[in-house]
Amino acid sequence: MHSQRILIADRNSATCAQMAESFVRSGYDVVTTASAADVVNRVMQKEAGLVLLGDEFSESVLVTDLVRILRRCDQDLSIILVADEVSPSQERSVRQEGIFYHALKPVCSCLLYTSDAA
């Protein structure tokens, strides 16, 4: 397993690309996917040390169900929920699974990194 590998999962490819670009610039190995099934497969294969988990996937899977499955695959996996709106019941559910980190989706790439030109 590569401890520096980050898996970014969300149906919105633009959001994934923006986040991936920022992490790649910081030296991380990044993989993106829109598929919940791919997330589960990669976690089972120990291909990521951190998962940035969006709230929509190509399959109709609830993020709370996916978090529960990922926790059963790897209790030590670091997961950050990346979603703009999280209902109180969703938040309660993911917290019960041990997910305490929540980030908002990026608005534009200019907010993710600073320009080299000053």
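Helices and strands here are DSSP runs, numbered from the N terminus. The model is predicted.

**Whole chain**

Colour by secondary structure and trace the chain from its start. The pattern along the sequence is β-α-β-α-β-α-β-α-β. That path holds 4 helices and 5 strands. Now colour by burial. Of the 118 residues, 38% count as buried. Turn on contacts between residues at least 6 apart in sequence: 64% of them join residues at least 24 apart.

**Stop 1: Arg5**

Select Arg5, in strand E1. Is Arg5 buried or exposed? Its relative accessible area is 17%. The cut-off for buried is under 20%, so Arg5 counts as buried. Show side chains next. Arg5 and Asp29 are joined by a side-chain polar contact of 2.7 Å. Now display what surrounds Arg5. Beyond four places in sequence, Arg5 touches Asp29, Val31, Glu47, Ala48, Gly49 and Leu50.

**Stop 2: helix H1**

Move along to Asn12. This residue caps the N-terminal end of H1. Look for its side-chain oxygen, 2.9 Å from the backbone nitrogen of Ala14. Then select residues 13-25, which form H1. The helix has 13 residues and spans 18 Å between its first and last C-alpha, close to the 18 Å expected.

Which residues of H1 are buried? Pick out Thr15, Cys16, Gln18, Met19, Ala20 and Ser22. Keep the helical repeat in mind while you rotate the view. An α-helix has 3.6 residues a turn, so residues three or four places apart point the same way. Next, show what covers the buried residues of H1. The cover includes strands E1 (5-9), E2, E3 (50-53) and E4 (78-82). Finish this stop at Gly27, just after H1, where phi is positive at about 95°.

**Stop 3: Ala34**

Go to the loop between strand E2 (29-33) and helix H2 (36-44), and select Ala34. Ala34 has 29% relative accessibility, so it counts as partly exposed. Draw a C-alpha to C-alpha distance from Ala34 to Glu59. The two are 25 residues apart in sequence, and the distance reads 8.5 Å. Beyond its neighbours within four places in sequence, Ala34 is in contact with Asp10, Arg11, Phe57, Ser58 and Glu59.

**Stop 4: the nonpolar cores**

Hide the loops and show nonpolar side chains. The largest nonpolar core has 21 residues. Its members with the most contacts inside the core are Val39, Val51, Leu53, Leu66, Leu70 and Ile79. Which elements give two or more residues to this core? They are E1, H2, E3, helix H3 (63-73) and E4.

Centre on Val39. Past its neighbours within four places in sequence, Val39 is in contact with Leu7, Ala9, Thr33, Val51 and Leu70. A second core of 9 residues is separate from the largest one. Select some of its members, including Ile6, Cys16, Ala20 and Val82. Cys16 and Ala20 also belong to the buried residues of H1.

**Stop 5: H3 against H4**

Last, select H3 and helix H4 (residues 88-96). Two packed helices are described by the angle between their axes and the distance between the axes. Here the angle is about 0° and the axes are 9 Å apart. The cut-off for roughly parallel is under 35 degrees, so H3 is roughly parallel to H4. Show the side chains between them. H3 makes the contact with Val63, Thr64, Val67 and Arg68. From H4 come Gln90, Ser93 and Val94.

Note on methods:
Residues numbered from 1 in each chain as written. Predicted model: local features only at pLDDT ≥ 70, side-chain atom pairs only at ≥ 80, totals over all residues. Heavy atoms only, no water. Buried < 20%, exposed > 50% of the residue type's maximum accessible area, 1.4 Å probe, protein only. Contact = heavy atoms within 4.5 Å. Expected span 1.5 Å × (residues − 1). Polar contact = N/O pair within 3.5 Å; in protein donor to acceptor, adjacent residues only side chain to side chain. Core = buried A, V, L, I, M, F, W, Y, C linked by side-chain atoms within 4.5 Å. Axes fitted to C-alpha atoms, helices over the stretch in contact; angles between N-to-C directions. Parallel < 35°, antiparallel > 145°, perpendicular 65-115°, else oblique.
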